[in-house]
Amino acid sequence: TQNAEAWALVQRGVRLRADAERLFQEARDVEGSLQAYRDADAVLASAETLDPEWVRPVTERGHAAYRQAWLSMGLGDFDTVVEKVDEAMAHLDRALTLDPGYAPAYAERGRVRLFQATALAPGPDEMDAILELAEEDLQSAVSNDASLAEAHADLSFLYVGLADPVNAVLSARRALEEDAYLQRADLIYDRLSSTQYELEQFRDSERWCDEGRSRFPDNYRFATCRLWLMAAPHGEPDPDAAWAELARVDSLTPPSLQPLKHSEGEILVAGVLRRASLPDSAESVLSRVDMSESVDPQRQLFVYEAAIRATTGDPDGAIDALRRWAAATPGSTLGPGGELNWWWRELRTREDFQPFVSR
C-alpha cells in the first residue's frame, strides 16, 4: 500500500491478533481472545476502507473471522461458528478477487475449508467436495509461495483425513523444512510419528517421536506416542517401562484431557502386557478402563482396544470391542480405507469384520 495510515492500522491489527492468541494460549481466556479478535477486525476494516485495493487487510480479516469461529466452537456456540465461517469465506473470496495469486489468502481459505468440513459435520458428499476445494486452495498457496510452512502443515492434516499417509508425511516434512519453529511444530512431529506408525514404519515413527520429545519434553503427546510404540509389534515388551510412561502421560497431560489420555494409556499398557505374555494382567487393566461418553465423546477408545487385541492375538476380543463401538456410534464404519490399516490384517477375511468396513 501507499497509504501510511492503512499500513499502520494493519500493523496494529496484527498486534491485536497476537494479543488474542496469547490470551488463549497462555491464559485460556476464550472471551478475552474473542474480544481481541473483534478489536483486530475493526482496526483492519478501517485499513481496508483507507485502501480498498490492498489485499492484506482483507486476508487478515478472514483469519480473524476464522479464529472467532474456532474459539466459538469450544464454547458450543454453533450459530456464531456458522456465521464466522461464512464471514471468513466472504473476506477470503474478496481477497482473491483483488489478487488472484495471493498465496496467504489461498492458505487461509484452505484452512477455513478444512475447519468447515471437519467441524460443521456436512453430509459425506458435501464433505468430499469441501475437502477437494481445500486441497486445491492449499496447493495453490504452496505453488505461489513454497515457504508457507502453515499451508504445508494444513496439507499434512488434510492428507491424514484423506487416508493418504505418504503425502501426509511429505507435507509435514516440508512444513518443518520451511520453518522448524512453526507454531504447530509439536503437532507436526506428532503427526509424522503417528503417520509412520500407520505405515508400519516403526523405526521412523520412533525417530520422530524421540525428536519431538527432545524439542518438547513437557508435551504429553510424546509420552503418548512412546506408549503406542511400546504396544506395537516391534522390540521387546517392557511392562515396567510402560507403566512408567503412563505415569509420565498423567503428569504432563492438561487437566481437561487427563481422563481420556489416561484411559488411552491404560489400553496401551494392556497391549504391552499381552505382548509380554501376561494376558490375565492385561484383562485386569482393560476391565477398569473408563470408556464412558463423558471421558471419550468420540468413542475412539473402543477402536483402540480392538486394535490392541487384533495385533496381540485376540481377534475375537477385537470383534467384540468393535461391536461395542458400533453400538455406541450407530452407522459408523472404519472410514474409507480405514479397514486397510495394518491393525486389522488378521480380521480382514472374517465375515464378522465386514459390517465395520466402509462401502
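In which helix is R203 found? In this predicted model, R203 is found in helix α10, and with a relative accessibility of 57% the residue counts as exposed, because the cut-off for that class is over 50%. Along the sequence R203 and H234 are 31 residues apart, while in space the C-alpha atoms of R203 and H234 are separated by 9.0 Å.

Helix α10, which covers residues 202-215, also contributes W208 to an aromatic pair with Y189 of helix α9, residues 185-198, and this contact links distant parts of the chain, the two residues being 19 positions apart. The pair is classed as tilted, with 5.9 Å from centre to centre and 45° between the planes, and both Y189 and W208 are buried. A further aromatic contact is made by Y197 and F202, whose ring centres are 5.5 Å apart and whose planes stand at 70°, so that the geometry is edge-to-face, the angle being over 60 degrees. Y197 and F202 are likewise both buried. In total, the structure holds 14 aromatic pairs. Y197 and F202 also belong to one aromatic cluster, in which they are joined by W228, Y304, W342, W343, W344, F353 and F356.

Side chains of opposite charge can pair when their charged atoms come close. For the present model the count of salt bridges comes to 30. One of these is formed by the side chains of D186 and R221, with an N to O distance of 3.1 Å; because D186 lies in helix α9 and R221 in helix α11, residues 221-231, the contact ties together parts of the chain that are 35 residues apart in sequence. D186 has a relative accessibility of 15% and therefore counts as buried, the limit for that class being under 20%.

A second salt bridge between helices is found where the side chains of R309 and E283 meet, at 2.7 Å from N to O. Since R309 is placed in helix α15, residues 301-311, and E283 in helix α14, residues 279-287, this pair ties together parts that are 26 residues apart in sequence. The two partners differ in burial class: R309, at 7% relative accessibility, counts as buried, whereas E283, at 32%, counts as partly exposed.

A salt bridge is also formed by D352 with R350, the closest N and O atoms being 2.9 Å apart. Both ends of this contact fall in the partly exposed class, with relative accessibilities of 24% for D352 and 22% for R350. Beyond individual pairs, salt bridges that share partners join R274, E283, E305, R309, D314, D320 and R324 into one network, and the pair of R309 and E283 described above thus has both of its residues among the members of that network.

Charge that is not engaged in salt bridges was examined at the surface, where D77, D79, E83 and D86 form a negative patch. Within this group, D86 lies in helix α4, which spans residues 78-98. The relative accessible area of D86 is 47%, and the residue is therefore classed as partly exposed, a value that also satisfies the patch criterion of over 30%.

Definitions and conventions. Residues are numbered from 1 along each chain as its sequence is written. This is a predicted model: local features need pLDDT of at least 70, side-chain atom pairs count only at pLDDT 80 or more; totals for chains, interfaces and linings use all residues. Side-chain values use heavy atoms; hydrogens and water are left out. Patches are made of residues with over 30% relative accessible area and no salt bridge: like charges are joined within 9 Å, nonpolar side chains (Val, Leu, Ile, Met, Phe, Trp, Tyr) within 5 Å. Accessible areas come from the Shrake-Rupley method with a 1.4 Å probe; for residues, only the protein chains shown count as cover. A salt bridge is a side-chain nitrogen of Lys or Arg within 4 Å of a carboxyl oxygen of Asp or Glu. Lys and Arg count as positive and Asp and Glu as negative; His and the chain ends are not counted. The place of a charge is taken as NZ of Lys, CZ of Arg, CG of Asp or CD of Glu. Helices (H or I, at least four residues) and strands (E, at least two) are DSSP runs, numbered from the N terminus. Buried means under 20% relative accessible area, exposed over 50%, partly exposed in between (1.4 Å probe, protein chains only). Rings of Phe, Tyr and Trp (its six-membered ring) pair if their centres lie within 6.5 Å; planes under 30 degrees apart count as stacked, over 60 as edge-to-face and the rest as tilted.
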